[in-house]
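I opened this notebook to keep a record of what I looked up, entry by entry. I began with how helices pack, then turned to a pocket and finally to the backbone of a loop.

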Amino acid sequence: MTGETEILGQVKSAYANASSAGHCSAILNTVFQKANQCAKWVRTNTDIGHGKISLGSVASELADRIFNDITKAKILLLGSGEAGKLVAEALFVRGANNITVASRRFENAQKLATEIGVSADEMKNAIGNLFQFDIVITASFSPTPLIDVQSAKNALKKRNDKPIFLIDLAVPNNIVAECENLDDIYLYNLDDLSKIANENISMRKSEIEIARRTILEKSAYTANKLGII
């Protein structure tokens with residue numbers, strides 16, 4: 001992914017391992033050190049790393065767009081797998097701490113909730129108390145929908161028409177599509193998140209040429225200094 005930090009981290013780790021094993025010459029040491037400096041400059045001075053594109057980050061960004069102050073939102077996360085973990089962690093970093101995690105296996109929900117520092121609940125109980133939450137994010141491997149039209153209607157009645165925002169990250173869907181036809185229900189799915197991610201990717205790609213020019217300039221300077229050219 002354009003602008004992501006993971007690859008740079010892998011390069012640094014590989015260099016550190018090679019260096020500690022005595023496999024790097026003076027020239028190779030300089031090349032890697034200058035490459036790391038260049039990468040840091042690019043990330044600091046361009047927007048190539050701006051804009052969220054990972055599932056957890058984009059989902060949390062969407063939730064943040066929905067609520068101006070995400071710290072005041074009551075959030076329910078249905079699902080404790082990798083996707084659920086990424087979303088919960090991203091939300092917590094943004095300041096959302098009123099989060100309840102529920103899973104088909106309570107011990108899994110409890111484990112994730114403990115790791116992050118939020119609360120856990122039984123899946124059936126959490127869905128029965130849907131009306132208590134402002135944002136509901138689903139990322140469960142359940143083969144059948146967890147939230148149907150009737151459960152959404154019941155929740156709205158108890159909320160006195162206060163809206164509920166539903167973000168469905170599951171495949172197959174955890175929330176039936178017809179829920180979006182209800183007044184005061186706002187349903188988002190993976191397609192909606194993809195649009196946000198694609199916008200951010202396009203923005204990042206526009207910075208590539210700036211980064212490329214800088215890399216060429218800095219690599220030419222280093223090569224000249226080392227007497228390679």
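Entry on a first helix pair. I looked up helix H4, residues 82-93, and helix H5, residues 106-116, and I noted that their axes come within 10 Å and cross at roughly 30°. I keep in mind that this is a predicted model. Angles under 35 degrees count as roughly parallel, and I therefore wrote down H4 and H5 as roughly parallel to each other. The hand of the crossing of H4 and H5 is right-handed. On the H4 side I listed Gly-84, Lys-85, Ala-88, Glu-89 and Phe-92 as making the contact, and on the H5 side Leu-112, Glu-115 and Ile-116. Sorted by class, the residues of this contact between H4 and H5 come out as four nonpolar, one polar and three charged.

Entry on a second helix pair. Next I looked up H2 and H9, whose axes come within 10 Å and cross at roughly 155°. Angles over 145 degrees count as roughly antiparallel, so I entered H2 as roughly antiparallel to H9. The crossing of H2 and H9 is right-handed. From H2 the contact takes in Ile-27, Thr-30, Val-31, Lys-34, Cys-38, Trp-41 and Val-42, while H9 brings Ala-211, Thr-214, Ile-215, Lys-218, Thr-222 and Leu-226. When I divided the residues of the contact of H2 with H9 by class, I found eight nonpolar, three polar and two charged.

Entry on a pocket. Which helices each supply at least two residues of the lining of the second largest pocket? I found that helix H2, residues 26-45, and helix H9, residues 208-226, do so. The second largest pocket holds about 260 Å³ of space. It is lined by 13 residues, and I noted Lys-34, Ala-35, Lys-218, Ser-219 and Thr-222 as the closest to its centre. The largest share of this lining comes from H9, which gives seven residues. By class, I recorded eight nonpolar, three polar and two charged residues in the lining of the second largest pocket. Going back to my list for the helix pair, I see that Lys-34 of H2 and both Lys-218 and Thr-222 of H9 also take part in the contact of these two helices.

Entry on a loop. Last, I looked up the loop between strand S5, residues 164-168, and strand S6, residues 185-188, where Pro-172 lies. The peptide bond that runs from Val-171 to Pro-172 is cis, and its omega is near 0°. Asp-184 is also found in the loop between S5 and S6. For Asp-184 I noted a phi near 75°, which is a positive value in a residue other than glycine.

Definitions and conventions: Residues numbered from 1 in each chain as written. Predicted model: local features only at pLDDT ≥ 70, side-chain atom pairs only at ≥ 80, totals over all residues. Heavy atoms only, no water. 1 Å grid on protein atoms, 1.4 Å probe; cavity = no way out; pocket = protein on both sides within 12 Å on 5 of 7 lines; lining within 4 Å. Points joined across faces, edges and corners; volume = space filled by probe spheres on them. Helix = DSSP H or I, 4+ residues; strand = E, 2+ residues; numbered from the N terminus. Nonpolar A, V, L, I, M, F, W, Y, C, P; charged D, E, K, R; others polar. Axes fitted to C-alpha atoms, helices over the stretch in contact; angles between N-to-C directions. Parallel < 35°, antiparallel > 145°, perpendicular 65-115°, else oblique. Left-handed = near helix turned anticlockwise from the far one by under 90°. Contact = heavy atoms within 4.5 Å.
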